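Here are my notes on the model, set down as numbered points for you to check against the coordinates.

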Amino acid sequence: MGTARTVFHDIYGDTIVAEKGLKQWDRIIIGIDPGTNVMGYGIIGVLHKKPSMIAMGVIQLSRFESHYMRLGRIYERVLALVEQYLPDEMAIEAPFFGKNVQSMLKLGRAQGVAIAAALAREVPITEYEPRKIKMAITGNGAASKEQVKEMLKRILCIR
């Protein structure tokens, strides 16, 4: 769409890219890629079935020593994003099975806290399996993160 974008770091050092001049969207969707060290998010506006990136960023959590402090930070930031962009829905990566039970528990908690923040403002939630996300974006359910990134850059006209 040729809209100007701004990159900045908030007071916590989190990186944010935001579109200047919000438009009237048919729908706004917040997407969350939960993590306990870094959590990614994107805010997508849909106008006449065409998606555009409104904002995206990462929340750095590794500086918090306590897992509980990280969970608190996730809740605060997701709630703030929901209040700022007023999304119509949230898309979040569904839990997947891994070999490390402790890592899975921590990731599940991070997902739960992000979901709770959206539910606190009555935002409907949809969970997507990682393979289905990759399939929808690239046509390949086993695509690499790099392939997904490149395809999203094309779809959303991100440089």
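The points below take up two helix pairs and one strand residue.

1. This is a predicted model, in which local features need pLDDT of at least 70 and side-chain atom pairs count only at pLDDT 80 or more, while totals for chains, interfaces and linings use all residues. Residues are numbered from 1 along each chain as its sequence is written, and side-chain values use heavy atoms, with hydrogens and water left out.

2. Helix 1 (residues 67–85) packs on helix 2 (residues 101–119) at an angle of about 30 degrees, the axes being 8 Å apart; the two are therefore roughly parallel (angles under 35 degrees count as such). Their crossing is right-handed. Among the residues in contact (heavy atoms within 4.5 Å) are Leu71, Ile74 and Val78 of helix 1 and Ala110, Val113 and Ala117 of helix 2. By class, this contact has 13 nonpolar, one polar and two charged residues.

3. Helix 3 (residues 130–138) and helix 4 (residues 145–155) pack at about 45 degrees, with axes 9 Å apart, and are therefore oblique to each other. The crossing of helix 3 and helix 4 is left-handed. Here Lys134, Ile137 and Thr138 of helix 3 meet Gln147, Val148, Met151, Leu152 and Ile155 of helix 4, a contact with five nonpolar, two polar and one charged residues.

4. Glutamate 89 lies in strand 6 (residues 89–93), and a polar contact of 2.8 Å joins its side chain to that of arginine 27 (a pair of N or O atoms within 3.5 Å, one able to donate a hydrogen and the other to accept it). The C-alpha atoms of glutamate 89 and isoleucine 125, 36 residues apart along the chain, are separated by 5.9 Å.

Conventions: Axes are lines fitted to C-alpha atoms, for helices over the stretch in contact, and angles run from 0 to 180 degrees between N-to-C directions. Helices (H or I, at least four residues) and strands (E, at least two) are DSSP runs, numbered from the N terminus. Angles under 35 degrees count as roughly parallel, over 145 as roughly antiparallel, 65 to 115 as roughly perpendicular and the rest as oblique. A crossing is left-handed if the near helix is turned anticlockwise from the far one by less than a right angle, and right-handed if clockwise. Ala, Val, Leu, Ile, Met, Phe, Trp, Tyr, Cys and Pro count as nonpolar, Asp, Glu, Lys and Arg as charged, and the others, Gly among them, as polar.
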